[in-house]
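Let us walk through this fold by question and answer. Keep the sequence and the model open side by side.

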Amino acid sequence: FTNPAAAPRVKPRTSAFRPRKSSAPRSASTRFLPTTPAKAQNLDQILLLEDDATFTKNLVRYQTQLLHELQIIPWDFAYFGHHLATDTDFLLQSYNQPIVQAHFLAIHSRIFDRLIGFLETILDRPAGHPEGGPMHVDGAYSTFRKQNPDINTVVSSIPLGFQRSSRSSIANQSWFDALPVT
């Protein structure tokens, strides 16, 4: 993250990871396999943003501190947008509980191979598999973290972004979403 402007942008869907079925969990999990091209490009970290992620003013206010802490604190996952209660003197703190939202996070290259392997494995397992089958990506990340306790996850002590309300591309649509209203 030393020069975010110079980092190449990676399309989240490559032909190798298009959903095999139209199920929402499978679709959601495959959207977050950009670690594969990031690995191929030898990137140290990847920043993942949903298209409906919005930054808070705190991101601008604390950007220098955030970049400093990301350089001195060891991390594998860093979550910046969430609804977690935290209490720390640092902007980033360790966290080992499930995290529901995956709309604004970073992943370090040292776990790319393990994470890619895990995500591919759960896509091949049947739903309800005891070690994890197809699921939404936030659940997949939390399951991966739980099954790999050596993974170091940090969260920002204050949300630096949020997911604005928008029509879902993975959930079933309501009847009113199909109305031809302009």
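Q: In what order do helices and strands follow along the chain?
A: Helices (H or I, at least four residues) and strands (E, at least two) are DSSP runs, numbered from the N terminus. The chain has 6 helices and 7 strands. Read along the sequence, the pattern is α-α-β-β-α-α-β-β-β-α-α-β-β.

Q: What kind of model is this, and which pLDDT do side-chain atom pairs need?
A: Residues are numbered from 1 along each chain as its sequence is written, and side-chain values use heavy atoms, with hydrogens and water left out. The model is predicted: local features need pLDDT of at least 70, totals for chains, interfaces and linings use all residues, and side-chain atom pairs count only at pLDDT 80 or more.

Q: What percentage of the residues is buried?
A: Buried means under 20% relative accessible area, exposed over 50%, partly exposed in between (1.4 Å probe, protein chains only). The chain has 182 residues, and the buried share is 40%.

Q: Of the contacts between residues at least 6 apart in sequence, what share joins residues at least 24 apart?
A: Contact means heavy atoms within 4.5 Å. One example across the sequence is Leu105, which touches Ile46, Leu47, Leu48, Phe77, Ala78, Tyr79, Phe80 and Tyr141, leaving aside neighbours within four places. For the chain, the share is 77%.

Q: In what order do the strands lie in the open sheet?
A: Two strands pair if DSSP finds at least two bridges between them. The open sheet has 5 strands and mixed pairing. Its order is β1-β5-β3-β6-β4.

Q: Which strands stand at the edges?
A: An edge strand here has a single partner, so one side of it is left without a neighbour in the sheet. The twist from one strand to the next averages 20 degrees. The edge strands are β1 and β4.

Q: Do β1 and β5 pair in the parallel or the antiparallel sense?
A: The two strands share 5 bridges. Within this pairing, Ile46 has Ile107 in β5 as its bridge partner. The sense is antiparallel.

Q: Which strand pairs with β6 in the parallel sense?
A: β4 (residues 92-94) runs antiparallel to β6, with 3 bridges, and Leu92 has Ser156 as its bridge partner in β6. On another strand, Ala78 stands opposite Val154 in β6. The parallel partner, over 3 bridges, is β3.

Q: Which residues of β6 point the other way from Thr153 and Val155?
A: β6 spans residues 153-156. Thr153 and Val155 point one way, and they are buried. Also buried, and pointing the other way, are Val154 and Ser156.

Q: How far apart are the C-alpha atoms of Leu48 and Phe104?
A: Leu48 is in strand β1 and is buried at 6% relative accessible area. Phe104 lies 56 residues away along the chain. The C-alpha separation is 5.7 Å.

Q: Why is the pair of Phe55 and Phe104 edge-to-face?
A: Rings of Phe, Tyr and Trp (its six-membered ring) pair if their centres lie within 6.5 Å; planes under 30 degrees apart count as stacked, over 60 as edge-to-face and the rest as tilted. The ring centres of Phe55 and Phe104 are 5.3 Å apart. Their planes meet at 65 degrees, so the pair is edge-to-face.

Q: Is Phe55 buried or partly exposed?
A: Its ring partner Phe104 is buried, at 4% relative accessibility. Phe55 has a relative accessible area of 46%, so this residue is partly exposed.

Q: How many residues apart in sequence are the parts tied together by Phe77 and Tyr141?
A: This aromatic pair is tilted, at 5.3 Å centre to centre and 50 degrees between the planes. Phe77 is buried at 0% relative accessibility, and Tyr141 is buried at 0% too. Phe77 lies in strand β3 (residues 77-79) and Tyr141 in helix α6 (residues 137-147), so the parts tied together are apart by 64 residues.

Q: Which element gives the largest share of the largest nonpolar core?
A: A nonpolar core is a set of buried Ala, Val, Leu, Ile, Met, Phe, Trp, Tyr and Cys residues joined through side-chain atoms within 4.5 Å. This one has 23 residues, and Phe77, Leu105, Ile107 and Tyr141 touch the most other members. β1, β3, β5, α5 and α6 each give two or more residues. The largest share, 6 residues, comes from α5.

Key
Axes are lines fitted to C-alpha atoms, for helices over the stretch in contact, and angles run from 0 to 180 degrees between N-to-C directions.
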